[in-house]
Amino acid sequence: RGKLLCLEFSEPVTPWFRWLYDLYSFRIMPLVGKLLEGNRGGYVYLAESIRLFPDPEGLKLILEEMGFGEITYRRFTNGIAVAHTGRKVGGRP
C-alpha cells in the first residue's frame, strides 16, 4: 500500500484563459527560449507534451486501472496545474 501525489501540467478550463495560455505556450515561450538559449524546439516540445498528456479525468481512470483508489484531484490556476492524490489498494503491503 502506498500514497500517490502527482502534480502535472494541464489545460486551463476557461476558454479565454486557455487561449492566452496557448499563446504563451506555443508562441511566447518558444521565442524566449530561442532568444535566451538558442533552443526553440525544446519549448515547443514542452507545450506539445502538455497537450498530449491525459486530462485530469483521463489520468484518474488510468490510475484506477493501475490499482489506485480514493483518487481525487484539484486544479490550480484555472487548471494549468493539477494535483492528484490516491492510495494504492490491494497488492503487497
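Is Asp22 buried, partly exposed or exposed? I looked this up first and found that Asp22 counts as partly exposed because its relative accessibility is 22%, where buried means under 20% relative accessible area, exposed over 50%, and partly exposed in between, with a 1.4 Å probe and protein chains only.

**Ground rules.** I note that this is a predicted model, in which local features need pLDDT of at least 70 and side-chain atom pairs count only at pLDDT 80 or more, while totals for chains, interfaces and linings use all residues. Residues are numbered from 1 along each chain as its sequence is written, and side-chain values use heavy atoms, with hydrogens and water left out.

**Salt bridges.** I took a salt bridge to be a side-chain nitrogen of Lys or Arg within 4 Å of a carboxyl oxygen of Asp or Glu, and by this rule I have three of them. Asp22 and Arg51 meet through their side chains at 2.6 Å, N to O. Asp22 belongs to helix α1 and Arg51 to helix α2, so this pair ties together parts that are 29 residues apart in sequence; for helices and strands I used DSSP runs numbered from the N terminus, with H or I and at least four residues for a helix, and E and at least two for a strand.

Arg51 also forms a salt bridge with Glu11, with the closest N and O atoms 3.5 Å apart. I see that this pair links distant parts of the chain, 40 residues apart, since Arg51 is in helix α2 and Glu11 in the loop between β1 (3–9) and α1. Both ends are partly exposed, Arg51 with a relative accessible area of 34% and Glu11 with 28%.

The remaining entry is Glu70 with Arg87, whose closest N and O atoms are 3.5 Å apart. Glu70 lies in strand β2 (residues 68–76) and Arg87 in strand β3 (residues 81–88), so parts that are 17 residues apart in sequence are tied together. Glu70 is exposed, with a relative accessible area of 61%, whereas Arg87 counts as partly exposed at 34% relative accessibility. I also record that salt bridges sharing partners join Glu11, Asp22 and Arg51 into one network.

**Cavity.** I found one cavity of 30 Å³ or more, and the largest cavity has a volume of about 40 Å³. On a 1 Å grid over the protein atoms alone, a cavity is a set of points where a 1.4 Å probe fits but cannot get out, and lining residues have an atom within 4 Å of a point; the volume is the space filled by probe spheres set on the points, which are joined across faces, edges and corners. Among the lining residues of the largest cavity I noted Glu11, Asp22 and Arg51, along with Tyr21 and Phe26. Helices α1 and α2 (41–52) each supply at least two residues of this lining, and α1 gives the most, with four.

**Gly33 and Leu35.** Which residues does Gly33 touch, not counting those up to four places away in sequence? I listed Gly38, Asn39 and Tyr43, with contact meaning heavy atoms within 4.5 Å. Gly33 is found in helix α1 and counts as buried because its relative accessibility is 4%. Leu35 lies in helix α1 (residues 15–37) as well, but Leu35 counts as exposed at 66% relative accessibility.

Methods. 1 Å grid on protein atoms, 1.4 Å probe; cavity = no way out; pocket = protein on both sides within 12 Å on 5 of 7 lines; lining within 4 Å.
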